[in-house]
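Please open the model in your viewer and keep the selection tool at hand. The tour below moves from the whole chain to single residues, one selection at a time.

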Amino acid sequence: MIIMLCRSYDRIIPLLRSQLIDALKQYLNRSLEKTYTEERSLYVQIYATMINDAVNLHTAEQTNLSEQRIAEHVVHLMQIN
């Protein structure tokens with residue numbers, strides 16, 4: 001039973017990651033519509049992956065930063081260009 005649950009869990013995580021990144025891309029694509037034209041799809045992909053990875057680091061407790069500090073860093077990186 002435990003092995004079946006682990007296998008199910010291993011299948012669900014990539015699906016959830018994919019769905020989260022897709023939702024982030026849709027949101028970012030709308031949000032960046034006036035900021036970027038030609039390069040928007042590149043920035044949308046980069047930002048969505050960056051946000052997802054930051055969430056993964058936090059939820060896996062691989063960082064001591066608070067959610068607020070992580071968000072501040074992500075926003076800062078998005079404003080650099």
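What follows is a walk through the structure, with a selection to make at each stop.

**The whole chain.** Begin with everything shown as a cartoon, keeping in mind that this is a predicted model. The chain has three helices and zero strands, and from the N terminus on its elements run α-α-α. Of its 81 residues, 21% count as buried, while the accessible surface comes to about 6,600 Å², of which 58% belongs to carbon and sulfur atoms. Among the contacts with a separation of 6 or more, 43% are accounted for by residues 24 or more positions apart.

**The nonpolar core.** Next select L28, L32, Y47, I51, V74 and M78 and show their side chains; these are the residues with the most contacts inside the largest nonpolar core, which has 15 residues. Which helices supply this core with at least two residues each? α1 (2-31), α2 (40-59) and α3 (67-80) each do so, and the largest share, seven residues, comes from α2. In soluble globular proteins, nonpolar side chains tend to be buried together.

**Helix α2.** Now select residues 40-59, the extent of α2. This helix has 20 residues and reaches 28 Å from its first C-alpha to its last, close to the 28 Å expected at 1.5 Å a residue. To see its buried residues, colour R40, Y43, V44, Y47, A48, M50, I51, N52 and A54.

Then pick N56, which also lies in α2; N56 counts as partly exposed because its relative accessible area is 34%, a value between the cut-offs of 20% and 50%. If you add R17 to the selection, you will find two residues 39 positions apart along the chain whose C-alpha atoms are separated by 9.4 Å.

**The loop after α2.** Move on to E61, which sits in the loop between α2 and α3. Its phi is near 55°, a positive value in a residue other than glycine. Is E61 buried or exposed? E61 counts as exposed, because its relative accessibility is 68% and the cut-off for that class is over 50%.

**A patch on the surface.** Finally, switch on the surface and select I12, I13 and L16, which make a nonpolar surface patch of about 250 Å². Of these residues, I12 lies in helix α1, and at 41% relative accessibility I12 counts as partly exposed.

Note on methods
Residues numbered from 1 in each chain as written. Predicted model: local features only at pLDDT ≥ 70, side-chain atom pairs only at ≥ 80, totals over all residues. Heavy atoms only, no water. Core = buried A, V, L, I, M, F, W, Y, C linked by side-chain atoms within 4.5 Å. Buried < 20%, exposed > 50% of the residue type's maximum accessible area, 1.4 Å probe, protein only. Helix = DSSP H or I, 4+ residues; strand = E, 2+ residues; numbered from the N terminus. Patch = residues over 30% accessible without salt bridge, like charges linked within 9 Å, V, L, I, M, F, W, Y side chains within 5 Å. Areas by Shrake-Rupley, 256 points an atom, 1.4 Å probe, with all protein chains shown as cover. Salt bridge = Lys/Arg side-chain N within 4 Å of Asp/Glu carboxyl O. Expected span 1.5 Å × (residues − 1). Contact = heavy atoms within 4.5 Å.
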